Amino acid sequence: MAVDIAGVRFQNPVLTASGTFGYGLEFTNLVDLNSIGGIVVKGLSMKPIRGNPPPRIYETASGMLNAIGWQNIGAEAFVTDKLPALRRYETNIIVNIVGFELNDYLEVVRFLDDCPGIAALELNISCPNVEKGGFHFNKDPRDTRKVTAAVRKAAKNLPLWVKLSPNVTDIREFARACEDAGADAVSVINTLVGMAIDVEQRRPRIRFLTGGLSGPAIKPIALRMVWEACQAVRIPVIGVGGIACTEDALEFLIAGAHAVQIGTANFYRPDVSQKIAQGLQQYCRARGIEDIHELIGSLRPYE
C-alpha cells in the first residue's frame, strides 16, 4: 500500500484534505490517525487570520459551499501548540500554506522549512474565498510558475506540492508550469466557484456571495482534471475532489493519481479516510494485487 511522493514514504495513498480535518488532533477520538497516509492541515499563514464572517457554509445538492476565508491560528501557534502532539503519530504531516502576496508565502515557508515533523508543504494558490491573495497566482500559468519558483527556492529542505484551481481553461498548462518551476507534486483540484440564493430573503446563502463548491458533485470534473494533469507532467499528482468511498479513490488512482485527499466527506463521516484506506487494502487482496502501484495509471481506454 505504500507510495513515495518526492522522497517521502506514505504507508498508504489516503490523505485528508486541507480545511476539512482541522489540524488533525480534533479527530483523534473519531479516527486512528496512524491508519492513514497523511494529514494535510488547515491552511496556515504566518499570523492568525479570523476568516470571513458567517454565514460561510451552505449545503448544496451533493456538495457544500464554503467561504471560510483562511481562518487559522498562524504558523507560530501551530508549531508550538499542535505540531508536538502530531509528531507522536506515524502519519505524515503536510502543511498547506496561504498568503495574500508572494512575500507572505515566503515568510511562512522559511519559518516552517526547518521544523521537524513536517513531511511536505502544499502551496495553496487556488482558494477562491478571499478578497485578494493566492487566487491571483492561478489565473495565468506564468504567474503560477513565478510563485512556485520563488517558494521552491525558499523551501530548501521540504518537498513542495502546489494545489491547483479548477477555475481555469486548461489544467495541464498550470501543472506543467509547476513542474517547470521545480514543484515536487501537484494537488488537483481545489474547489469550484459557486453560489446559492435564499429566495425568501433574496440574499446569498454565503455572506461572501460566492463560495468554493466541494463534495461528490464535483468528482467527475476533478477526476477528468487529474487524468489530464497526469498526462501532462512526470511529477506525482494527488487527486482531490468529491472522494467519499473506496471506489471513488480507486477511480483517481487508476486515472494516474499517486495519492488521494479526502475532503468534504470528513464532515459527515469523520472516519471515512480510515475506511477508504482499509477498503483499498481489501480491494487489492481480493484481486491478488501485491503493490498499489499496479493500479496507479492503469486506465485501459477502449481500442
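Me: Which residues of helix α4 (residues 171-180) are buried?
Reply: In this predicted model, they are Ile171, Phe174, Ala175, Ala177, Cys178 and Glu179. They are called buried because each has under 20% relative accessible area.

Me: What do the buried residues of α4 pack against?
Reply: They pack against helix α3, strands β9 and β10 (185-188), and helix α5 (219-232). Just past the end of α4, Gly182 takes a positive phi of about 105°.

Me: What makes α3 and α4 count as parallel or antiparallel?
Reply: The angle does. They pack at about 30°, with their axes 8 Å apart. Angles under 35 degrees count as roughly parallel, and that makes α3 roughly parallel to α4. The crossing is right-handed.

Me: Which residues of α3 and α4 meet?
Reply: From α3 come Pro141, Thr144, Arg145 and Thr148, and from α4 come Glu173, Phe174, Ala177, Cys178 and Asp180. By class, the residues of this contact divide into four nonpolar, two polar and three charged. Threonine is not in the nonpolar or charged list, so Thr144 and Thr148 are the polar pair.

Me: What does α3 lie across, and how does it run relative to β9?
Reply: Helix α3 (residues 141-154) lies across β8 (120-124) and β9 (160-164), at about 155° to β9. An angle over 145 counts as roughly antiparallel, so that is the word for α3 against β9.

Me: Which strands does the closed barrel run through?
Reply: The eight strands go in the order β3-β4-β7-β8-β9-β10-β15-β16, and the pairing is parallel. From one strand to the next, the twist averages 25°.

Me: How do you know that β4 and β7 count as paired?
Reply: Count the bridges. Strand β4 (residues 38-44) and strand β7 (residues 92-97) run parallel and are joined by five. At least two are needed, so the pair qualifies. If you want a spot to look at, Gly38 stands opposite Asn92 in β7.

Me: Where does helix α8 lie with respect to the strands?
Reply: Helix α8 (residues 272-286) lies across β3 (14-16) and β16 (259-262), and runs at about 170° to β3. With 145 as the cut-off, that angle counts as roughly antiparallel.

Me: Why are α6 and α8 given the orientation label they have?
Reply: The axes of helix α6 (residues 246-255) and α8 come within 9 Å and cross at roughly 65°. The range for roughly perpendicular is 65 to 115, and α6 and α8 are therefore called roughly perpendicular to each other. In this crossing, which is right-handed, α6 passes α8.

Me: Which residues of α6 and α8 meet?
Reply: Thr246, Ala249, Leu250 and Leu253 of α6 meet Lys275, Ile276, Gly279, Leu280 and Tyr283 of α8. The split is six nonpolar, two polar and one charged. Gly279 goes with the polar residues because glycine is put in that class.

Me: Which residues of α6 are buried, and what covers them?
Reply: Asp248, Ala249, Leu250, Phe252, Leu253 and Ala255 are the buried ones. Their cover includes α5, β15 (237-240), β16 and α8. Gly256 follows α6, and its phi is positive, near 130°.

Me: What makes α1 and α2 parallel or antiparallel?
Reply: The axes of helix α1 (residues 75-86) and helix α2 (residues 102-112) come within 10 Å and cross at roughly 25°. That falls under the 35 degrees cut-off, which makes α1 roughly parallel to α2. The contact is made by Ala75, Glu76 and Val79 of α1, with Val108, Phe111 and Leu112 of α2. By class there are five nonpolar, no polar and one charged residues. Glu counts as charged, so Glu76 is that one.

Me: How do you know that β5 and β6 pair, and in which sense?
Reply: Strand β5 (residues 57-60) and β6 share four bridges in the antiparallel sense. At least two would do, so they count as paired. Thr60 stands opposite Gly63 in β6. The two strands form a hairpin with two residues between them, and Ser62 in the turn has a positive phi of about 60°.

Me: Which way do the residues of β6 point, and are they buried or exposed?
Reply: In strand β6 (residues 63-66), Gly63 and Leu65 point one way, Met64 and Asn66 the other way, and all are buried. β6 is also joined by three bridges to strand β14 (residues 211-214), running antiparallel, with Asn66 opposite Gly212 in β14.

Notes. Residues are numbered from 1 along each chain as its sequence is written. This is a predicted model: local features need pLDDT of at least 70, side-chain atom pairs count only at pLDDT 80 or more; totals for chains, interfaces and linings use all residues. Side-chain values use heavy atoms; hydrogens and water are left out. Axes are lines fitted to C-alpha atoms, for helices over the stretch in contact, and angles run from 0 to 180 degrees between N-to-C directions. Contact means heavy atoms within 4.5 Å. Buried means under 20% relative accessible area, exposed over 50%, partly exposed in between (1.4 Å probe, protein chains only). A crossing is left-handed if the near helix is turned anticlockwise from the far one by less than a right angle, and right-handed if clockwise.
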